[in-house]
Structures are given as C-alpha cells and as structure tokens.
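Biologist: Got a minute to go through this one with me? Put it up on the screen first.

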Amino acid sequence: MYYYTIASPQAIILSKTIYNILLMSLLSMLALLVYLLFFNNTIGDPLFYFLSVLLGAISFSTVFTMISAIASKAGNNGTLMSILSFPVIIPVILMLIHLSKDAMDGLERTSQTWQNIGALCAVNVIVLATSLLLFPYLWRD
C-alpha cells in the first residue's frame with residue numbers, strides 16, 4: 001500500500017526495468033571480460049561483439065522484467081514466466097546469434113546486420129511501451 005501512495009505504476013516498472021538493464025549490462029560485461037581473459041578465442045570485430053552483448057543484455061532485461069511483472073500478479077509462478085517469455089525471447093536469441101557470429105567471424109556489416117540491430121532495438125521499444133501501458137492495470141489488482 002505504501003508504494004501506491006508514493007509512486008505511479010509507470011515509475012515503478014520503469015525503475016525496475018532500468019535497474020535490471022544496468023545489472024544485466026554489468027554482469028554481461030564482467031562475463032565478457034572473463035571470457036576474453038580465460039579463452040584464447042579471437043574476436044574478429046571486438047566493438048561489434050561488445051555491441052551485440054550489450055544489446056542482448058538490454059533485450060533480456062526488458063523482456064524478463066515485463067514478463068515477471070505479469071507472472072507476479074498470477075501467483076508468482078516460475079513456470080508461467082517461462083511459458084510467457086518463450087515466444088518473445090526466441091526471436092531475440094536468434095537475432096543475437098546472428099549478430100555475435102558475424103562479430104566473431106569479423107564479417108562486414110551488411111544490411112542484414114543493421115536490420116537485426118534495428119529489430120532488437122524495436123523489440124526493446126515495443127516491450128518497454130507494452131510494459132508501461134500494461135503495468136498500471138496489473139498494479140491496481
């Protein structure tokens with residue numbers, strides 16, 4: 001009840017999303033550093049690989065924040081969260097696989113690469129907009 005009086009539902013979901021983006025980005029960058037230190041894989045385009053890891057972290061955090069908010073109002077069932085996130089996360093994973101493979105191989109950045117980056121950004125915007133529109137209804141119940 002205390003949160004109802006001090007913050008709007010949009011502020012709550014936006015703050016959770018920003019926190020999860022920062023946390024996931026930090027953990028992804030730490031994992032990337034450990035990966036680069038312990039494995040002798042050469043990355044063809046390190047900047048582009050860094051960008052794909054960062055986009056992946058942002059995508060995972062926005063999708064799972066929205067899905068966890070929905071699942072928490074349905075009894076906080078972990079199975080429900082995995083079922084709801086499956087159709088959204090599979091295309092994101094496929095795009096990230098293509099991006100990271102191109103970066104590891106050091107291939108040129110083609111129009112398909114930029115379309116994948118644009119699609120990932122579009123998915124993030126759509127998920128964020130959907131969570132901002134949907135969360136106030138979940139918040140009231």
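What follows is a short chat about helix packing and nonpolar cores.

Modeller: Bear in mind that this is a predicted model.

Biologist: Fine. At what angle do α3 and α4 cross?

Modeller: Roughly 175°. The axes of α3 (residues 46-72) and α4 (residues 78-105) come within 10 Å.

Biologist: Parallel or antiparallel, then?

Modeller: Roughly antiparallel, because angles over 145 degrees count that way.

Biologist: Which residue classes make up that contact?

Modeller: The contact of α3 with α4 has 20 nonpolar, six polar and one charged residues.

Biologist: And how do α3 and α5 pack?

Modeller: At an angle of about 20°, with their axes 9 Å apart. That angle is under 35 degrees, so α3 is roughly parallel to α5. The crossing is left-handed.

Biologist: Which residues touch there?

Modeller: From α3, they include F48, L51, L55 and I58. From α5, they include I117, L120, C121 and V127. By class, the contact of α3 with α5 has 15 nonpolar, six polar and no charged residues.

Biologist: Switching to the cores. How many residues are in the largest nonpolar one?

Modeller: It has 19 residues. Y49 and L120 have the most contacts inside it.

Biologist: Which helices supply it?

Modeller: α2 (9-38), α3, α4 and α5 (111-140) each give at least two residues. The largest share, seven residues, comes from α3.

Biologist: What does L120 contact beyond its sequence neighbours?

Modeller: Leaving aside neighbours within four places, L120 contacts L55, S59, V92, M95, L96 and L99.

Biologist: What lies apart from that largest core?

Modeller: Another core, of six residues. Among them are I12, I13, A69 and L138.

Terms used: Residues numbered from 1 in each chain as written. Predicted model: local features only at pLDDT ≥ 70, side-chain atom pairs only at ≥ 80, totals over all residues. Heavy atoms only, no water. Axes fitted to C-alpha atoms, helices over the stretch in contact; angles between N-to-C directions. Helix = DSSP H or I, 4+ residues; strand = E, 2+ residues; numbered from the N terminus. Parallel < 35°, antiparallel > 145°, perpendicular 65-115°, else oblique. Nonpolar A, V, L, I, M, F, W, Y, C, P; charged D, E, K, R; others polar. Core = buried A, V, L, I, M, F, W, Y, C linked by side-chain atoms within 4.5 Å. Buried < 20%, exposed > 50% of the residue type's maximum accessible area, 1.4 Å probe, protein only. Contact = heavy atoms within 4.5 Å. Left-handed = near helix turned anticlockwise from the far one by under 90°.
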